Amino acid sequence: MRVALFVTCINDTLYPRTGRAVVSLLRRLGVEAEFPEAQSCCGQPQFNTGYRWETEPLVRRFAAAFAGFDYVVTPSGSCAAMVRDNYPRIGAKAAAEGRGEELTRAAEAVVPRTLELTEFLVDVLGVTDVGAYYPHRVTYHPTCHGLRMLGLGTKPKRLLDAVAGLDLVELPGAQECCGFGGTFSVKNAAVSAAMGADKARHIMGTGAQAVCTVDNSCQLHIGGTLARLGSPVRPVHLAEILASTDKEQW
Amino acid sequence: MSGTYLGMPAFPEAAATATANGRLRANLTHATHTIRDKRAAAVGELTDWAALRAAGAAVKDRTLRHLDHYLTQAEEAVTAAGGTVHWAADAREANRIVTRLVRETGEREVVKVKSMATQEIGLNAALAGAGVRAYETDLAELIVQLGDDLPSHILVPAIHRNRQEIREIFTERMADWGRPAPVGLSDRPGELAEAARLHLREKFLRAKVGISGANFLVAETGTLVVVESEGNGRMCVTLPETLISVVGIEKVVPTWRDLEVYLQLLPRSSTAERMNPYTSTWTGTTDSDGPRAFHLVLLDNGRTDALADTVGRQALRCIRCSACLNVCPVYERAGGHAYGSAYPGPIGAILTPQLRGTTSEVDASLPYASSLCGACYEVCPVAIDIPEVLVHLRERVVQGGPATVRGQRTRLKPAKGHAAERAAMRAARWALDRPGVLRAGQRVAARTRRLHPGRLPGPGRAWTDTREVPAVPAESFRDWWRRTGGREDR
Amino acid sequence: MSSRDLVLGRIRRALADVPLTEEPADVHVPRDYLSTHAPADATEMLAEHLADYRALVHRTDAAGLPGLVADLLAARGAQTVVVPPGLPPEWLAAADAARVADAAETTARELDAVDSVVTGCALAIAETGTIVLDGSPDQGRRRITLVPDHHICVVRVPEQVVDSVPQALPRLAPARPLTWISGPSATSDIELSRVEGVHGPRTLEVVLLRG
């Protein structure tokens with residue numbers, strides 16, 4: 001089984017630790033992930049802002065970079081959803097514009113093989129107890145694209161429940177968006193900030209030491225808001241919790 | 001607010017003002033959270049909800065793909081049942097038709113059932129211009145009318161008002177419109193409803209002309225359906241001698257049987273009830289029961305432009321339940337007025353730019369009035385993929401491209417004001433398509449990371465006003481991998 | 001060009017993507033939703049769901065009906081009651097209230113002075129707690145059940161009770177004006193909380209008449 005890590009541009013640049021945690025976690029589970037260096041960005045910021053034509057080269061790049069792998073695993077619900085939901089749409093629109101089937105074929109090649117990390121763990125590897133140890137009080141925020149576009153359901157929580165030492169506390173209003181929304185966070189900064197403030201308030205109210213998600217783009221917003229409010233709650237990616245053991249803490 | 005959406009600022013400015021309004025925020029949060037949980041419970045009662053939703057979407061898709069067929073069938077059936085059918089290409093024409101019909105009765109006042117279509121076309125103002133006074137009879141519409149305000153919600157147009165504000169409006173304004181509010185009126189909802197009953201009773205009993213919209217128009221039978229709660233709808237469609245219904249062309253459903261789907265989907269999605277208190281159906285006119293004359297005005301007003309867009313078309317499935325508003329975190333904070341249209345919230349953000357086009361500043365900003373969280377799509381009883389249409393319309397704004405405007409196929413130019421963003425997106429794509437350039441950029445950022453300011457200038461300020469910028473790590477993942485081959489654990 | 005032709009022309013151009021050979025029936029509509037959610041006892045469910053939305057539910061048999069109706073009217077202090085032309089005379093046999101006929105010339109204002117109305121119904125729907133009136137002789141014109149503030153509606157159980165909306169529609173005639181009633185008039189317009197009692201009858205009493 002050849003597995004590629006799609007680390008995502010935001011993790012690559014701002015949260016390399018999350019990518020390293022995935023590599024470490026998968027290795028512990030017997031999977032040697034590869035990192036094709038030709039990868040860059042899934043194109044979500046461009047596409048979701050309306051720049052579909054600027055997205056197309058990134059679709060081609062994604063398909064070429066990950067050709068030949070059985071699975072493309074990514075620690076991001078949002079980027080996985082971009083590939084699975086929007087790449088076929090980009091292909092269909094290009095075809096409707098009389099530009100042939102090339103992008104559709106590119107999408108078809110990667111869509112069925114691209115999985116968010118928890119899907120790969122639970123559905124492909126069939127594990128929920130990954131042997132992790134994380135002695136902290138943690139609350140979990142289900143990010144919107146993982147929750148609603150990918151339908152991750154209880155997978156992240158089942159993984160967290162099996163982590164030794166972890167005290168999982170319920171987050172009120174958990175399913176409500178944190179207000180990031182990519183360029184939404186600057187185009188509609190007032191509403192975005194208000195959503196972020198409410199999310200932060202709920203998180204702080206749980207008494208958790210860390211807030212866990214499967215998306216560091218949302219963490220950028222949640223963590224940035226918590227930090228501005230002077231909160232000690234740490235944003236942490238699920239991969240870092242799962243990679244932690246009694247020997248090494250991420 | 002002063003009775004018009006014209007000249008409203010773009011969504012972000014209006015939303016920023018609304019977000020800072022503590023009372024408005026409290027009113028909206030309270031109301032939307034109340035209904036959210038109830039809706040979930042009402043929907044949860046039906047084990048076959050997903051199947052009903054799929055059928056609801058499919059019936060509408062069938063209708064829309066053969067809309068000419070169903071409209072002519074409906075026209076024939078309504079005419080055969082004693083009604084008169086009029087066609088209006090736009091708001092002006094619809095207003096002209098209705099005004100003429102009212103004047104022909106010799107009446108100077110009409111009673112109205114809450115109707116999105118007549119709100120959309122600004123019928124009340126058109127009637128006022130012709131010397132006809134239109135009385136809104138839905139409680140929330142009454143609150144809006146008396147307060148010289150604008151609707152801010154599809155189902156509950158006065159959702160932005162709390163009980164104390166409603167009491168104030170009734171006490172101060174009812175006398176100007178007819179029977180004054182009872183002396184010593186309190187802010188208990190029961191008493192406020194009673195005040196509305198007394199105030200409107202007079203108008204119902206003397207009304208000679210009623211104006212309504214319709215939730216559904218059944219093509220095979222020519223039957224109109226109005227779904228309501230208070231009984232004001234029954235009053236307006238039953239007591240007057242003349243009834244005029246203004247109905248969007250997308251409201252048609254093929255068969256009587258199809259109502260079995262929507263009469264299950266709508267009440268539970270809308271007011272979270274198993275069934276709304278009153279549903280009235282009528283087919284043309286009935287001897288010695290109800291109005292003697294019935295006019296149906298079929299309204300286009302941009303709907304065919306939406307129909308011409310194969311992605312945007314799904315917005316015409318909408319049955320105006322407002323579940324998407326109630327669940328939307330952006331609507332909850334921005335309020336309905338920020339959307340600058342009779343159709344606020346997520347559905348408004350995809351409907352308004354299709355009905356009115358994307359040339360005005362507010363209309364071009366609406367597709368961006370969403371974090372794309374997808375909660376709207378999840379609750380939509382006819383499965384309108386609102387995020388998909390939002391992104392599609394964003395494309396139309398920044399890229400331009402083919403569209404139909406007032407029935408004419410045209411090629412839209414990219415909207416103004418996105419030049420800097422477009423350049424940035426292009427530059428980002430150029431860099432992202434060259435991992436070597438990306439790596440170089442990451443290294444520059446890493447080397448200068450101690451110099452990064454906590455507050456950014458220019459557009460970056462929108463972020464750093466309320467959020468910290470993350471620290472740039474010393475080494476990107478890409479560099480770490482190249483250095484260690486992924487071999488180094490912690 | 002007429003506006004009719006203009007709008008229909010726009011529609012046909014807008015649907016250029018729809019193949020000319022496609023018929024409406026070619027667009028598949030999955031109907032795998034349930035025709036009933038199979039209540040164990042439809043009449044019991046009807047009673048429960050009517051009560052949930054603040055309708056007052058009573059049960060009786062043919063022998064008890066006249067007395068019950070008389071009691072309900074008396075308890076309300078009803079001096080006058082409007083009577084549809086085909087209401088079984090025995091239903092009101094014990095009532096003292098003065099009868100007002102449902103006549104075409106009666107104005108809304110006159111009806112507003114009447115205290116109560118007694119009717120039968122076309123059918124009732126258990127799952128939604130709904131009674132449906134179709135203007136039959138035992139139900140009368142629509143306005144007689146609208147303007148008076150007190151409505152007593154008699155439902156013959158179990159024969160007039162259907163489980164669900166899908167079971168109700170085929171039993172109703174679209175050509176007749178229908179009124180579906182689920183509890184007394186109500187509104188959610190103040191802070192999205194439901195309160196009963198606006199323009200329609202504020203008191204709805206449903207009598208379940210066992211045959």
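**A walk through chains C, B and A**

Helix α3 of chain C, residues 65-76, lies across five strands of that chain: β1, β2 (80-83), β4 (116-119), β7 and β12. The helix runs at about 170° to β12(C). This is a predicted model.

The strands under discussion belong to an open sheet. Six of them line up in chain C in the order β1-β12-β7-β4-β2-β3, with parallel pairing. At the edges stand β1 (56-61) and β3 (98-101) of chain C, each pairing on one side only. Neighbouring strands of this sheet are turned against each other by 25° on average, direction ignored. Look next at one pair within the sheet. Strand β7 (residues 150-157) of chain C runs parallel to β12 (residues 203-210) of chain C, and 8 bridges join the two. Within that pairing, Val157(C) sits opposite Arg210(C) of β12(C).

Now turn to the contact between chains C and B. On the chain C side, 63 residues take part; on the chain B side, 83 do. Several elements of chain C each supply at least two residues to the side that touches chain B. The helices among them are α1 (3-14), α4 (108-112) and α5 (165-168) of chain C. The strands are β9 (178-181), β10 (186-190) and β11 (193-196) of chain C. Which element gives the most to this side of chain C? It is α1(C), with 10 residues. By class, the side of chain C that touches chain B holds 30 nonpolar, 18 polar and 15 charged residues.

Strand pairing also links the two chains. Strand β9 of chain B, residues 278-283, pairs with β9(C) in the antiparallel sense over 4 bridges. One residue pair to find here is Ser280(B) and its bridge partner in β9(C), Thr179(C).

Chain B itself is assigned two domains. Domain 1 covers 11-299 and domain 2 covers 430-484 of chain B. Taken over C-alpha atoms, the centres of these two domains of chain B are separated by 53 Å.

Chain A comes next. Its secondary structure amounts to 13 helices and 8 strands. The radius of gyration of chain A is 18 Å, close to the 18 Å that the globule rule gives for 250 residues, so chain A is as compact as a globular protein of that length. Along its principal axes, the C-alpha trace of chain A spans about 55 × 45 × 30 Å. Of the 250 residues in chain A, 62% are buried. Sequence separation adds to the picture: among contacts in chain A between residues at least 6 apart in sequence, 77% join residues at least 24 apart.

Chain A has an open sheet as well. Its 4 strands follow the order β6-β5-β7-β8 (chain A), and the pairing is parallel. Why do β6 (167-169) and β8 (234-237) of chain A each have one side without a neighbour in the sheet? Both stand at the edges with a single partner strand, so one side of each is left open in this way. Neighbouring strands of this sheet are turned by 35° against each other on average, direction ignored.

Inside the sheet of chain A, β5 (residues 137-140) and β7 (residues 210-213) pair in the parallel sense over 3 bridges. There, Thr139(A) stands opposite Val211(A) of β7(A). Helix α12 (residues 216-228) of chain A packs on the sheet and touches β7 and β8 of chain A. The direction of α12 makes about 170° with that of β8(A).

Methods
Residues numbered from 1 in each chain as written. Chains lettered and ligands numbered in written order. Predicted model: local features only at pLDDT ≥ 70, side-chain atom pairs only at ≥ 80, totals over all residues. Pairing = 2+ DSSP bridges. Axes fitted to C-alpha atoms, helices over the stretch in contact; angles between N-to-C directions. Contact = placed C-beta atoms within 7 Å. Nonpolar A, V, L, I, M, F, W, Y, C, P; charged D, E, K, R; others polar. Domains from an automatic or database assignment. Rg over C-alpha atoms; globule rule 2.2 N^0.38 Å. Buried ≥ 20, exposed ≤ 12 C-beta atoms within 10 Å, placed from the backbone.
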